[in-house]
Every structure is written in C-alpha cells, then in structure tokens.
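The following exercises ask the reader to work through a protein model step by step. Each task is followed by its solution.

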Amino acid sequence: MRITGLHHVTLIAADLDRSTSFYRDVLGLALVREGANDDDPGARHFWFGDAQGTPGTLLSLMEYADMPEGTAGRGSTHHVALAVSSREELAAWRDYLQEKGVQTTEIFERGGFTSIYLRDPDGHILEIATA
C-alpha cells in the first residue's frame with residue numbers, strides 16, 4: 001500500500017457561477033464536471049482541472065451560499081498551490097492577474113522555487129508556484 005499523489009482538493013464557495021468566472025475564465029482551468037454533490041444532493045458541486053479531468057489537477061468546489069465564513073486555525077487549510085513551469089511564466093501570471101484586477105503578491109523566492117499568492121472570490125488563498 002502507498003499513496004501515489006494528490007487526487008483533488010475541495011473548497012466551499014458561496015456562488016459557483018462567480019467561482020466559474022474565476023477558475024475557468026481567469027485561471028483557465030476546464031470545468032470538467034458540474035452537478036449535485038454525491039454526499040449532499042441539494043448542493044451544487046463543480047470540478048475544475050485539466051481538460052481530461054486528470055487526478056492531481058482537480059479542484060472541486062461545493063456551493064453553500066448560507067454557510068458562515070471560515071476562520072483560519074488548526075484543522076483548516078492554509079492555501080492551495082498550483083504549478084507553472086518557469087519563473088517567466090509565473091511573472092506573466094502575476095502581470096495577467098493584476099491586469100484582470102486580481103490582487104497578487106510580488107514574486108517570492110522560496111529556496112528551490114518561486115511563487116505568488118492571491119485570493120479567489122471566496123477568500124481562499126491560492127499560490128502559483130514554479131515546478
């Protein structure tokens with residue numbers, strides 16, 4: 001038995017239409033599945049990733065408009081990191097996102113990789129990092 005990698009990360013969103021505008025239209029992820037949540041058929045559940053829906057590229061978002069905002073602390077997730085192939089591509093993402101009105105940090109040197117941080121429409125922290 002062994003873990004072979006990360007399959008997906010699931011985030012909670014207030015409005016999946018707004019989230020789709022961000023994850024698909026701004027970040028360029030494919031909307032690979034949309035429907036009801038298998039565990040809660042009353043909740044919408046969208047999956048974003050590469051065009052094939054390959055495990056390891058997937059972010060799933062469940063819509064709960066009336067849920068209170070989360071708080072950071074033990075038991076919560078700090079951020080999700082997305083990979084790009086080079087520092088030049090990272091700089092291009094920073095510039096592109098800022099042109100789209102998405103606030104980002106400057107590029108951080110991380111000792112072996114570089115990255116920027118931003119927030120999605122629900123406040124989740126995303127990192128874009130060089131591979």
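**Exercise 1. Aromatic pairs**

Task: In this predicted model, determine how many aromatic pairs there are, and describe the pair formed by phenylalanine 22 and tyrosine 23.

Solution.
Step 1. Two rings are counted as a pair if their centres lie within 6.5 Å. By this rule the count comes to four aromatic pairs.
Step 2. For phenylalanine 22 and tyrosine 23, the distance is 5.1 Å centre to centre, and the angle between the planes is 90°. Planes over 60 degrees apart count as edge-to-face, and the pair of phenylalanine 22 and tyrosine 23 is edge-to-face.
Step 3. Ring pairs also bring in Phe48, so that Phe22, Tyr23 and Phe48 are linked into a cluster.
Step 4. Both phenylalanine 22 and tyrosine 23 are buried.

**Exercise 2. The largest nonpolar core**

Task: State which residues have the most contacts inside the largest nonpolar core, and which element gives the most to this core.

Solution.
Step 1. The largest nonpolar core has 24 residues, and those with the most contacts inside it are Phe22, Tyr23, Leu27, Leu61, Leu97, Leu118 and Ile128.
Step 2. At least two residues of this core come from each of β1 (8-13), α1 (16-23), β3 (44-49), β4, β5 (80-84), α2 (87-99), β7 (114-119) and β8 (125-130).
Step 3. With four residues, α2 gives the most to this core.
Step 4. Leucine 61 may be followed further. Leaving aside its neighbours within four places in sequence, leucine 61 is in contact with Leu11, Ala13, Leu16, Ser19, Tyr23, Arg44, His45, Phe46 and Phe48.

**Exercise 3. The sheet that contains β1**

Task: Give the order of the strands in the open sheet that contains β1, and explain why one side of each edge strand is left without a neighbour in the sheet.

Solution.
Step 1. The four strands have the order β1-β4-β3-β2, and the pairing is mixed.
Step 2. The edges are formed by β1 and β2 (30-36); each has a single partner strand, so one side of each is left without a neighbour in the sheet.
Step 3. Direction ignored, neighbouring strands of this sheet are turned by 20° against each other on average.
Step 4. Consider the pairings of β3. Six bridges join β2 to β3 in an antiparallel arrangement, and glycine 35 has histidine 45 in β3 as its bridge partner. Four bridges join β3 to β4, which also run antiparallel. Here phenylalanine 48 is the bridge partner of leucine 59 in β4, and phenylalanine 46 stands opposite leucine 61.
Step 5. The helix α1 packs on the sheet and touches β1, β2, β3 and β4, with its direction at about 5° to that of β3.
Step 6. Because five of the six residues of β3 are buried, this strand is largely enclosed by the rest of the structure.

**Exercise 4. The sheet that contains β8**

Task: Identify the edge strands of the open sheet that contains β8, and state which strands α2 lies across.

Solution.
Step 1. Four strands form this open sheet in the order β5-β8-β7-β6, with mixed pairing.
Step 2. Its edge strands, β5 and β6 (108-109), each pair on one side only.
Step 3. Five bridges connect β7 and β8 in the antiparallel sense. Serine 115 stands opposite alanine 129 in β8.
Step 4. The helix α2 lies across β5, β6, β7 and β8 and runs at about 20° to β7.

**Exercise 5. Two polar residues**

Task: Decide whether threonine 10 is buried, exposed or partly exposed, and list the polar contacts of its side chain with other side chains. Then describe the surroundings of glutamate 63.

Solution.
Step 1. Threonine 10 is found in strand β1. Its relative accessible area is 34%. Buried means under 20% and exposed over 50%, so threonine 10 is partly exposed.
Step 2. The side chain of threonine 10 makes a polar contact with the side chain of histidine 8 at 3.4 Å, and another with the side chain of serine 60 at 2.5 Å.
Step 3. Not counting residues up to four places away in sequence, threonine 10 touches Ser60 and Met62.
Step 4. Glutamate 63 lies in strand β4 (residues 58-63). A polar atom of its side chain lies 2.8 Å from the backbone nitrogen of leucine 16.
Step 5. Leaving aside neighbours within four places in sequence, glutamate 63 is in contact with Ala13, Ala14, Asp15, Leu16, Ala43 and Arg44.

Definitions and conventions. Residues are numbered from 1 along each chain as its sequence is written. This is a predicted model: local features need pLDDT of at least 70, side-chain atom pairs count only at pLDDT 80 or more; totals for chains, interfaces and linings use all residues. Side-chain values use heavy atoms; hydrogens and water are left out. A polar contact is a pair of N or O atoms within 3.5 Å; within protein, one must be able to donate a hydrogen and the other to accept it, and residues adjacent in sequence count only if both atoms are side-chain atoms. Contact means heavy atoms within 4.5 Å. A nonpolar core is a set of buried Ala, Val, Leu, Ile, Met, Phe, Trp, Tyr and Cys residues joined through side-chain atoms within 4.5 Å. Buried means under 20% relative accessible area, exposed over 50%, partly exposed in between (1.4 Å probe, protein chains only). Two strands pair if DSSP finds at least two bridges between them. Axes are lines fitted to C-alpha atoms, for helices over the stretch in contact, and angles run from 0 to 180 degrees between N-to-C directions. Rings of Phe, Tyr and Trp (its six-membered ring) pair if their centres lie within 6.5 Å; planes under 30 degrees apart count as stacked, over 60 as edge-to-face and the rest as tilted.
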